[in-house]
Amino acid sequence: MVSMHFLPHPGKGYYIYIEASQPAKEKHSAKLLSPLIWGPKCFRFYYHMYGSHIGKLSVLLQIRGPYGNYLMWQKSGQQGNQWREANIDIGDANEFQVTIP
C-alpha cells in the first residue's frame, strides 16, 4: 500500500507526496486524475524530486473518445533539492482529463 500525504504549504495551498526513501518499497506509485476539463488551458504545477531513489514523474492528457492518452511532460531521476515549476500548454481539446500516473 502506498501512503500519500496532503500537507499545507504555508501561504501557498497544499502539496501531495509519496515517500521515496525507506520504508518505501521499490516501484510504488500513485495516480492523480483531474475532473473533466475543456481546452485550451495551461496546466501549472510544482514538483520536488530529490533523493537517491527518485523514479519518474509523468503528466498525461486523456482525451475522451477514441483518442487515448498523450504524454505531455516527463522528468526522471533526481532534479535537485528545490521546488521547480512546470507549465504545460494544452491546445483546443474537447473534454479531457489530466492524469499523473
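**Strands β6 and β7 and the nonpolar core**

Strands β6 and β7 pair in the antiparallel sense over eight bridges, where pairing requires that DSSP finds at least two bridges between two strands, and strands are DSSP runs of E with at least two residues, numbered from the N terminus. This is a predicted model, in which local features need pLDDT of at least 70 and side-chain atom pairs count only at pLDDT 80 or more, while totals for chains, interfaces and linings use all residues. Residues are numbered from 1 along each chain as its sequence is written, and side-chain values use heavy atoms, with hydrogens and water left out.

Trainee: Which residue in β7 is the bridge partner of Leu60?

Mentor: The strands β6 and β7 form a hairpin with four residues between them, where Gly65 takes a positive phi near 100 degrees. Across this antiparallel pair, the bridge partner of Leu60 in β7 is Leu71.

Trainee: Is Gln62 buried or exposed?

Mentor: Gln62 lies in strand β6, and its contacts (heavy atoms within 4.5 Å) beyond four places in sequence include Lys31, Gly68 and Phe96. Buried means under 20% relative accessible area, exposed over 50% and partly exposed in between, with a 1.4 Å probe and protein chains only. Because its relative accessible area is 18%, Gln62 is buried.

Trainee: And how does Met72 count, buried or partly exposed?

Mentor: Met72 has its place in strand β7, residues 68-76. Its relative accessibility is 31%, and therefore Met72 counts as partly exposed.
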